[in-house]
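Please look over the model below before reading on. The points that follow are meant to be checked against it one by one.

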Amino acid sequence: MSHNTFGHLFRLTTWGESHGPAIGCVIDGCPAGIPITLQEIQNYLDKRRPGQSRFTTQRQEPDQVRILSGTFENENTGELVTTGHPISLIIDNVDQRSKDYSDIKSKYRPGHADWSYQKKYGIRDYRGGGRSSARETAMRVAAGAIARKVVPGIKIRGALVQIGNLEIDRANWDWNEVDQNPFFSPDKSSVQPWSDYLDGIRKSGSSIGAVIEVVADGVPAGLGAPVYGKLDQDIAAAMMSINAVKGVEIGAGFASAKLTGEENADEIRIDKNGNPEFLSNNAGGVLAGVSSGQPIVARFVVKPTSSILTPRKTIDEDGKETEIMTKGRHDPCVGIRAVPVGEAMMALAIADHYLRHRGQMGEK
Ligand SMILES: Cc1cc2nc3c(=O)[nH]c(=O)nc-3n(C[C@H](O)[C@H](O)[C@H](O)COP(=O)(O)O)c2cc1C
């Protein structure tokens, strides 16, 4: 029984806990001959790395990745190339403070994994939550850097589109803005209000939820396999597997409920180059579980961080009622660091489906 592997042909298995010596992953099924540099993988990890602004946890984890297997150095260019064999990546854990967690040793944090892990396994690693810690998502991001390279010409980008009640103005959407602010916001005008709002949340020891949007451009038509291997189904599962995610939508998503058939129809015309052109993308790039060639659009919502400084009612291991306030260094809004994680899960789902499609249909 294995529940630590994602994908069918492009398979990611992650291992490790936040307070163990290291975390790592094995990627099996990656085609041979894909050029990759350590720096490319590191660049994505740096986006997820904590402690980069006052709006994320102040833990200092450098997240330096090492490649242990599965690549070979091209003698002429010095570039690494995948060999077709398992790619193993490792990151040492360097910034753990187990004492931060002494209070939750015997108490269950409401909203966290403590209660359900204890019920399921009868044992739990209270220091940072063990496998429930979002530290594991670093390996998804590292693997995602490789997955992106499996599908020629695809571009996967994510952005934070809502914190609490504060939504971006979509008219201002600018992908170039995303890497210019600490929130990965595509709307410059959102940055100041979000900063003020999150400063208040952070200083009061509270936390808040958020919505992340991930867009994959350049995905070829034809990926996804009805009826239980639909592309949107697997993207939803991929996003839902991220810590703290409580909802996923594709394209117009839940807003479809308010649309009429006329409004929702993504009408088709022929553009000036003679190619079919969709006039809208309410479907989010997936029709009947198969990619249409339009951009794939997924959104997911993360709940507010459950480890907060405000005392909350709970019980302890002896069944006594008590209160808990979680000290330690936690993200006031996990949505910020979830952006590169969402991108990575999109890349993993699409790379897997690309190989599955090729397996069934050949190079068509
Ligand atoms: C990038 C990221 C960072 C997170 N950081 C924290 C954190 O600092 N403190 C915390 O209590 N939860 C954090 N979480 C959320 C927990 O990992 C998650 O709530 C917990 O595992 C329970 O799982 P569930 O929320 O999916 O039910 C983070 C989640 C993500 C995606």
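The notes below go through the core, the aromatic pairs, the ligand site, some single residues and the backbone.

1. Status. This is a predicted model. Every value quoted here should be read with that in mind.

2. Nonpolar core. The largest nonpolar core has 77 residues. The members that touch the most others are Phe-10, Ile-27, Met-239, Phe-300 and Met-346. Helix H7 (residues 335–361) gives this core its largest share, 14 residues.

3. Ile-27. What does Ile-27 contact, once neighbours within four places in sequence are left aside? Its contacts include the core member Phe-10. Arg-11 and Leu-12 are also on the list, as are His-85, Pro-86, Ile-87 and Leu-89. Ala-143 and Ile-146 complete it.

4. Helix H3. Ala-143 and Ile-146 both belong to H3, and both are buried there. The burial extends along the helix: 11 of the 11 residues of H3 (residues 137–147) are buried, so the helix is largely enclosed by the rest of the structure. Arg-140 is among the buried residues, as is Thr-137.

5. Aromatic pairs. The whole structure holds five aromatic pairs. One of them joins Phe-55 and Phe-183, with ring centres 4.7 Å apart. Their planes meet at 35°, so the pair counts as tilted. The two residues lie 128 residues apart, and the pair links distant parts of the chain. Phe-55 sits in the loop between H1 and strand S5 (65–69). Phe-183 sits in the loop between strand S10 (166–167) and helix H4 (191–203). Both are buried: Phe-55 has a relative accessible area of 3%, and Phe-183 has 0%.

6. A second pair. Tyr-108 and Trp-115 pair edge-to-face, 5.2 Å centre to centre, with 90° between the planes. Is each partner buried or partly exposed? Tyr-108 is buried, at 9% relative accessible area. Trp-115 is partly exposed, at 41%.

7. Around Phe-55. Phe-55, Phe-183 and Trp-194 make up one aromatic cluster. Asp-199, in helix H4, touches Phe-55 and also Arg-54, not counting residues up to four places away in sequence. Asp-199 is buried because its relative accessibility is 11%, below the 20% cut-off.

8. Helix H1. Leu-38 lies in helix H1 (residues 38–48). Its relative accessibility of 37% makes it partly exposed. Beyond its neighbours within four places in sequence, Leu-38 contacts Val-65, Ile-67 and Leu-80. Its C-alpha atom is 39 Å from that of Tyr-108, which is 70 residues apart from it along the chain. Lys-47 is worth a look too: its charged end sits over the ring of Phe-184, 5.2 Å from the ring centre.

9. Lys-107. This lysine lies in the loop between strand S8 (87–92) and helix H2 (114–121). Lys-107 is nonetheless buried, with a relative accessible area of 16%. A polar atom of its side chain is 3.0 Å from the backbone oxygen of Glu-323. Setting aside residues up to four places away in sequence, Lys-107 touches charged and uncharged residues, including Asp-114, Arg-124, Asp-316 and Ile-324.

10. Ligand site. The ligand is surrounded by 16 residues. The closest are Ser-132, Ala-244, Lys-303, Ser-307 and His-330. Which atoms lie by ligand oxygens? A polar side-chain atom of Ser-307 is 2.5 Å from an oxygen atom of the ligand. Ala-244 places a backbone N or O atom 2.9 Å from a ligand oxygen. For Asn-243, a polar side-chain atom is 3.2 Å from one.

11. Backbone points. Most residues other than glycine have a negative phi, and most peptide bonds are trans. Three places deserve inspection on that account.
 - Ala-244 has phi near 75°, a positive value. It lies in the loop between H5 and strand S12 (245–250) and is partly exposed, at 25%.
 - Ala-288 has phi near 55°, also positive. Its loop runs between strand S15 (286–287) and strand S16 (290–291). Ala-288 counts as exposed, at 62% relative accessibility.
 - The peptide bond from Pro-226 to Val-227 is cis, with omega near 5°. Val-227 is in the loop between strand S11 (210–217) and helix H5 (231–240).

Definitions and conventions:
Residues are numbered from 1 along each chain as its sequence is written. This is a predicted model: local features need pLDDT of at least 70, side-chain atom pairs count only at pLDDT 80 or more; totals for chains, interfaces and linings use all residues. Side-chain values use heavy atoms; hydrogens and water are left out. Helices (H or I, at least four residues) and strands (E, at least two) are DSSP runs, numbered from the N terminus. Buried means under 20% relative accessible area, exposed over 50%, partly exposed in between (1.4 Å probe, protein chains only). Contact means heavy atoms within 4.5 Å. A nonpolar core is a set of buried Ala, Val, Leu, Ile, Met, Phe, Trp, Tyr and Cys residues joined through side-chain atoms within 4.5 Å. Rings of Phe, Tyr and Trp (its six-membered ring) pair if their centres lie within 6.5 Å; planes under 30 degrees apart count as stacked, over 60 as edge-to-face and the rest as tilted. A charge sits over a ring if NZ of Lys or CZ of Arg is within 6 Å of the ring centre and within 35 degrees of the ring normal. A residue is near a molecule or strand if one of its heavy atoms lies within 4 Å of it. A polar contact is a pair of N or O atoms within 3.5 Å; within protein, one must be able to donate a hydrogen and the other to accept it, and residues adjacent in sequence count only if both atoms are side-chain atoms.
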